[in-house]
Amino acid sequence: MYPYYDVIIIGAGIAGLVCGTFLARSGKKVIIIEQHSIPGGYCTSFKRKGFNFDAAVHHIGGCGKWGIVGRCLKTLGIEMDFYPLDPMDHLIFPQFTIEIPADLDEYIARLQDRYPSSKDNVKHFFQDFLKLYRATFNNEKSQIINKYKSQTYAEMLNTFFYNDELKMVLSGQWGYVGLPPTKASAIGMCQMMINYLKDGAFFPAGGTQEFANAFIKKFIDFGGHVMLSSKAEKILCTGKTAVGIALQEGKELLSNLVVSNIDAKQTFFDLLEGKLDTRFLQRIEKMKESCSFSLLYLGIGKGLDLGKLQRGFYHSATDATYSDPEWLYVSIPTKICPTLAPPHKQIISVVVYHEKKKYNDITNWKSFKETMIEDTISRIEKYVPDIKRYIEVLEAATPRTLKRYTLNTDGAAYGWEVSVDQIGDNMLSHETPIENLYLTGHWTRPGPGICAVVSSGWGVANLIMEKEKRR
């Protein structure tokens, strides 16, 4: 421990780890404070009876040579193995199933073959989608941004297509932003979809905890300090300037800079005790958090055939409005990395989406969890009829569980809701009204997803170093 740090980072989520590692690499004295006993935020794993379950993240985008995550790892000198996912996903609807290949050009060709009357519009849609992605990624002010910044994803699709099934398919991965196409920002959907379709989806060898561990190891190699199971209680300020933090146990750490990688409402209302401009606090109060999820983790014994259970989204919706928004996302990571389970055994992980209105008023969480488990297993039984006989480990999480481990408001999975009025310039900036206090992670730009928070952490580290050069 040092008596004084150049930078204190609150939260060892991926953005905090990336930011801290780049700053430590530049020679700064950096400490990361994390209230959980392991680093990674949602990108963590846990073990039960020899089964290694991923807590919430089931694959990562942009890990290839030219993707943002791949370039970040290379720049930091981190070497780790990934399994590329091909097909990238499946969309399973009540009436039909679509396989999404890992190659964007192949996906476009398949859509054109399946919907020949929309062939030209599929081409034009993806041309605009790619332009929009490049413009948002490069933070450009451009015509393509102005064209779509006020549109929902459904409104964007409606300008290109009449075929309802095609619109369902192109919306079928909306679960990655947690908001159906009638409410999700077109820009938010673009950032997510093109990231996966163009840069690929990958699974870290050994599970998602290994991804977080790779950063924490490199951070320590660069001289960084970490305090796990330690909760920041207060951001210390002199006037309107951050000068350190107070920990739960009463100890104070002083620093030149503080970076918050935690829930924005906690940062401004709890850690800063609301000592900010009233208009800024009112803005934060009005912002809406994203949905949360329930999760089911199953350790499956030897001999069960999971061939008919595909990785991807299982929708109950029957039209492109997604007026019935319930879905499951099923992952079978042992098909990719068998060593996650004991020999010849398997893992099934299921993400269960609920509308926010359905869990905000829950009082009996035990009953809620039991019902979720029963309903989810019943849906899986349609594809794997004998599954109950083979379940050796059963664990489950609810929005309350996610809140407990991350302290995110209502267990928010993606930071702020990715709606039209909370994207782009309407997102929180990396810089705050408090001098020397920065934000990183999915509560700030560019938004949710591992690839986005890697970009956020890297960007904040660069911002801090560039500002220092100008002084």
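Strand 12 and strand 13 (residues 252-260) pair in the antiparallel sense over 3 bridges, where strands, like helices, are DSSP runs numbered from the N terminus (E, at least two residues, for strands; H or I, at least four residues, for helices), and two strands are taken to pair if DSSP finds at least two bridges between them. The model is a predicted one, in which local features need pLDDT of at least 70 and side-chain atom pairs count only at pLDDT 80 or more, whereas totals for chains, interfaces and linings use all residues. Residues are numbered from 1 along each chain as its sequence is written, and side-chain values use heavy atoms, with hydrogens and water left out.

Within the pairing of strand 12 and strand 13, I245 stands opposite L253 in strand 13. The hairpin formed by these two strands has 4 residues between them, and G250 takes a positive phi near 95° there. On the other pairing of strand 12, strand 11 (residues 232-238) is joined to strand 12 in the antiparallel sense over 6 bridges, with L236 opposite G244 in strand 12. The hairpin of strand 11 and strand 12 has 2 residues between the strands, and in this hairpin G239 adopts a positive phi near 65°. Of the 7 residues of strand 12 (residues 241-247), 5 are buried, so this strand is largely enclosed by the rest of the structure; buried denotes under 20% relative accessible area, exposed over 50%, and partly exposed the range in between (1.4 Å probe, protein chains only).

A further set of strands forms an open sheet of 3 strands in the order 5-9-6, with antiparallel pairing. Strand 5 (60-61) and strand 6 are the edge strands of this sheet, each pairing on one side only. Strand 6 and strand 9 (residues 201-204) pair in the antiparallel sense over 3 bridges, and P84 stands opposite F202 in strand 9.

The largest nonpolar core, a core being a set of buried Ala, Val, Leu, Ile, Met, Phe, Trp, Tyr and Cys residues joined through side-chain atoms within 4.5 Å, has 121 residues, and those with the most contacts inside it are I14, F125, F126, L170 and F211. Helix 15 gives the most to this core, with 10 residues. A second, separate core has 30 residues and includes F268, L281, L437 and W443. When neighbours within four places in sequence are left aside, F125 is in contact (heavy atoms within 4.5 Å) with Y153, M156, L157, F160, F161 and L170. In soluble globular proteins, nonpolar side chains tend to be buried together.

Enclosed space was examined on a 1 Å grid over the protein atoms alone, a cavity being a set of points where a 1.4 Å probe fits but cannot get out, with lining residues having an atom within 4 Å of a point. Grid points were joined across faces, edges and corners, and a volume is the space filled by probe spheres set on the points. By this rule there are 2 cavities of 30 Å³ or more. The largest cavity has a volume of about 50 Å³, and its lining consists of Y414, W416, E417, V418, Q422, I423, M427, H442, G447 and P448. This lining divides into 6 nonpolar, 3 polar and 1 charged residues, where Ala, Val, Leu, Ile, Met, Phe, Trp, Tyr, Cys and Pro count as nonpolar, Asp, Glu, Lys and Arg as charged, and the others, Gly among them, as polar. The second largest cavity holds about 30 Å³ of space and is lined by L257, Y438, I464, K467, E468 and R471. Helix 15 (residues 450-470) supplies the largest share of that lining, 3 residues, and the lining of the second largest cavity comprises 3 nonpolar, no polar and 3 charged residues.

Most residues other than glycine have a negative phi, and most peptide bonds are trans. A cis peptide bond nevertheless joins D86 and P87, with omega about 5°, and P87 is located in the loop between strand 6 (82-84) and strand 7 (89-92). Another cis peptide bond joins R445 and P446, with omega about 0°; P446 lies in the loop between strand 19 (437-439) and helix 15. E273, although not a glycine, has a positive phi of about 55°. The loop between helix 10 (264-271) and helix 11 (278-286) contains E273, which is partly exposed at a relative accessible area of 42%. H344, also not a glycine, has a positive phi of about 65° and is found in the loop between strand 16 (327-331) and strand 17 (346-353), where H344 is exposed, with a relative accessible area of 66%.

How values were computed:
1 Å grid on protein atoms, 1.4 Å probe; cavity = no way out; pocket = protein on both sides within 12 Å on 5 of 7 lines; lining within 4 Å.
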